[in-house]
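Take a walk through this protein. Start with single residues, then widen the view to rings and totals.

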Amino acid sequence: MRRFVRAGDIDDLLAALDASRTVVTIVPEDDPFHAKYRLNVATDLARLGRVTGDDALLDEAAAMARDCVEEIPAEDPDRPLALHKLAVLLTDRYLRTGDTADLDESVAHRRAAVEGWRTVHDTDPAAVEDKDRRLYLSGLIHALRLRAERSGDDSDPYLTEAIKVGRGLLDGRADSPLAPGACTLYEQAAAQPNAKPESRVTAAYAWGRARAELGEWDRALQGFTQAVELLPLLALVRLGPADQAALLNRLWALAAEGAGCALQAGQPEKALELLEYGRAVLAEQLTGADDDLVRLRTLDPALAERFEHLRDGFDGQRPATRHQSTVISWNETLRAIRDILPGFLEPPPIRELIAGLGERTVVFVNTSAYRSDCIVLRSGTITVVPLPEVTREEFTNQASRMLKAVAFAIGGRGQEARRTGEEDLREFLEWLWTRVARPALEAAGFLTGAPAADREGRELPRLWWIPCGFTGHLPLHAAGSPGATGESVLDHVVPSYAPTLRSLLREPAPASPGEAQAPLLLVAAPQDGLPGIDREIDVLRRLVATKPLVGEDATAQAVKEHLAHHPVVHFACHGVLDLDNPGESRLLLPTDPGGGLTVRDLTALRLPRSRLAYLSACSTAFRPISALMDEPLTLSTAIHLAGFHNVIGSQWTVNDLVAVRLVRTVYAQMRSDEDSGAIDPERSAAALRRAVMQLRRMYPELPSLWAPHVHVGG
């Protein structure tokens with residue numbers, strides 16, 4: 001077994017399992033050690049289940065371990081260890097399935113293991129260095145933290161218990177669950193160059209959180225920084241979707257927590273760095289590696305081939321099966337590449353990104369367990385706007401409130417339910433303006449002049465929101481009170497979103513004369529839930545020159561063949577976001593053999609001159625509440641990252657008649673030549689704002705009709 005742990009050869013694991021089973025057959029069932037030997041078999045089975053991905057093995061192991069624990073008497077000195085082993089199996093199964101019953105049972109067994117140790121070992125309570133006690137208590141903290149993360153509530157009793165135990169552990173008190181050197185152990189684990197990347201990142205994150213709980217902000221920041229710096233290695237390794245999602249679950253809110261810690265330490269630039277590079281691990285994977293790899297192939301084709309061979313060798317392998325020698329070769333190859341191509345697959349310095357913004361104004365919105373803030377970037381300066389009245393718990397509560405209000409407004413049974421939904425949504429948008437958006441706009445200097453209603457015809461300034469963590473669900477662009485002039489975001493700026501600064505700074509290549517005059521590519525797939533497509537097609541054909549791919553002609557292959565020649569595309573179809581595997585997020589084309597056009601399809605096309613994708617589909621900018629809080633992914637942002645400089649989408653289902661009206665107004669506003677029907681995609685953000693303002697004036701009491709429409713990029 002030790003050889004398997006060291007080298008990762010599955011044959012060694014199978015041999016260990018056979019040996020454990022042989023011992024069980026030799027030892028009589030009435031022997032007091034029989035149950036303990038069977039527990040070893042359960043442990044080996046569970047390890048095999050994790051390596052192979054066979055959930056049935058995990059189920060068998062858990063059932064066997066339960067039986068073994070039942071057979072071991074309460075007074076047996078080995079019972080606490082048996083409880084601990086059973087708890088580990090249940091925690092592992094929870095991380096694969098998300099079944100809280102397993103996690104709750106694990107917490108109960110870990111508590112029992114701690115109490116059992118105290119009962120069996122009637123020793124000096126100051127003996128905190130006892131390795132078994134440290135094992136049981138640190139395991140309890142881990143399980144309590146996982147349980148608390150299910151709620152996202154800072155006052156969760158599981159979190160309170162974990163913090164109480166953890167503080168004692170780190171302080172080294174007599175009732176401490178961890179040795180005084182626990183943080184040092186995390187630091188040492190994170191620094192192991194030949195350890196698996198996912199293990200190093202997890203250790204560094206634990207280091208940061210542990211120090212932050214003690215209020216040691218500078219030392220905590222070192223841990224968070226190390227974790228974020230290691231994240232690019234995870235993108236390179238390209239874990240399978242299930243492993244990747246499970247790992248990101250464990251790294252829940254890494255960037256947000258790290259940024260909050262950096263602000264507590266008085267380092268706003270470091271906070272920006274963590275938010276920029278600690279988020280979008282999956283999102284930047286869609287585009288980040290390709291450009292660097294193209295440059296490497298030009299400089300050293302053999303080294304590029306070696307890199308791809310190692311990278312592809314990681315694909316499909318579960319983390320536990322990777323040989324240490326492979327990790328060593330990986331590190332040596334990266335060092336060799338960076339000798340000839342400095343910065344290979346490393347992010348640019350944050351100061352370089354800030355300088356690249358020029359006069360653009362960007363606002364990061366972040367919340368963590370430590371604080372909530374807006375960080376305003378304008379003209380090369382960083383302004384931190386604390387939000388002391390808004391906790392992470394309030395952000396999550398308000399996000400849930402908004403989703404419930406939208407559900408009632410657009411799908412409530414009866415007029416009264418829909419009216420209540422609209423009222424709740426209006427109240428939420430007013431809260432969002434007062435508590436979050438207004439302080440940010442004021443700090444950016446956008447509230448000093450007259451509101452838009454008093455200066456029609458004058459161009460408004462642009463503002464890009466980059467919401468982080470839990471704030472990613474909020475319609476910041478629509479915050480405000482439509483009935484009060486000047487009291488909303490839309491009254492003062494042209495709002496857009498960006499997943500990262502890097503995506504915002506990716507400028508499209510200049511269009512050729514032929515591409516600049518190319519008609520709009522119209523992709524329409526009539527299907528259930530989109531009854532207005534025919535009217536939408538008619539409106540577009542009247543306003544702009546189009547190249548239609550409609551119905552049976554709208555296949556993924558046909559779209560891909562035409563996209564290279566049409567910088568502007570309009571999709572009238574449904575869309576699906578796949579958070580576990582963002583590259584498989586797709587626009588649904590019912591007649592297509594593969595089911596539609598995926599983000600991976602678009603990325604592979606490499607469309608450097610793509611200007612605009614208008615997604616007239618349901619919920620293309622919707623972001624479900626999930627554990628992947630630091631992934632700024634919606635279908636709209638995914639398509640933006642795939643190469644489209646501007647994207648128009650919606651955060652929830654759009655009324656059919658309103659969608660057609662919006663399309664008519666937006667394209668009319670973008671037309672640059674009345675005769676040819678040519679449009680200017682760089683007008684898309686301002687055109688969308690004007691169209692939304694028209695809807696808001698028509699339906700001020702119905703925000704569900706005008707608030708969902710968003711612009712990404714540009």
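Where does Ser-512 lie? Ser-512 sits in a loop, with helix H22 (501–504) on one side and helix H23 (513–516) on the other. Keep in mind that this is a predicted model. The relative accessibility of Ser-512 is 31%. Buried ends under 20% and exposed begins over 50%, so a residue in between is partly exposed. Ser-512 therefore counts as partly exposed. His-565 is 53 residues away from Ser-512 along the chain. In space, their C-alpha atoms are separated by 9.8 Å.

Move on to His-645. This residue also belongs to a loop, the one between helix H27 (635–641) and strand E13 (646–650). Is His-645 buried or exposed? His-645 counts as buried, because its relative accessibility is 6%. Now look at what surrounds it. Set aside the neighbours within four places in sequence, and His-645 is in contact with Arg-506, Glu-507 and Pro-508. Its contacts also include Ser-610, Arg-611, His-640 and Glu-682. Val-712, Gly-713 and Gly-714 complete the list.

Next comes a residue in a helix. Ala-259 is part of helix H13 (residues 254–264). Its relative accessible area is 0%, so Ala-259 is buried. Which residues does Ala-259 contact, leaving aside neighbours within four places in sequence? They are Ala-271, Leu-274, Leu-275 and Asn-366. Thr-367 is 108 residues from Ala-259 in sequence. From C-alpha to C-alpha, Ala-259 and Thr-367 are 8.8 Å apart.

Now the aromatic rings. A search of the whole structure gives 7 aromatic pairs. One of them joins Trp-217 and Tyr-370, with ring centres 5.2 Å apart and planes at 70 degrees. Planes over 60 degrees apart count as edge-to-face, so this pair is edge-to-face. What does the pair tie together? Trp-217 lies in helix H11 (residues 217–237). Tyr-370 lies in the loop between strand E1 (362–367) and strand E2 (372–378). The pair thus ties together parts that are 153 residues apart in sequence. The two partners fall on opposite sides of the 20% cut-off for burial. Trp-217 is partly exposed because its relative accessibility is 21%. Tyr-370 is buried because its relative accessible area is 17%. Elsewhere, ring pairs link Phe-395, Phe-428 and Trp-431 into a cluster.

Charges sit over rings too. Lys-36 lies over the face of Phe-33, at 4.5 Å from the ring centre. Arg-696 lies over the face of Trp-706, at 5.9 Å from the ring centre.

Then check the backbone. Most residues other than glycine have a negative phi. What is the phi of Ser-379? It is near 55 degrees, a positive value in a residue other than glycine. Ser-379 is found in the loop between E2 and strand E3 (381–386). With 43% relative accessibility, Ser-379 counts as partly exposed.

Finally, step back to the whole chain. The protein has 30 helices and 14 strands. Of its 714 residues, 53% count as buried. Consider the contacts between residues at least 6 apart in sequence: 71% of them join residues at least 24 apart. The accessible surface comes to about 29200 Å². Carbon and sulfur atoms account for 50% of that surface.

Note on methods
Residues are numbered from 1 along each chain as its sequence is written. This is a predicted model: local features need pLDDT of at least 70, side-chain atom pairs count only at pLDDT 80 or more; totals for chains, interfaces and linings use all residues. Side-chain values use heavy atoms; hydrogens and water are left out. Helices (H or I, at least four residues) and strands (E, at least two) are DSSP runs, numbered from the N terminus. Buried means under 20% relative accessible area, exposed over 50%, partly exposed in between (1.4 Å probe, protein chains only). Contact means heavy atoms within 4.5 Å. Accessible areas come from the Shrake-Rupley method with a 1.4 Å probe; for residues, only the protein chains shown count as cover. Rings of Phe, Tyr and Trp (its six-membered ring) pair if their centres lie within 6.5 Å; planes under 30 degrees apart count as stacked, over 60 as edge-to-face and the rest as tilted. A charge sits over a ring if NZ of Lys or CZ of Arg is within 6 Å of the ring centre and within 35 degrees of the ring normal.
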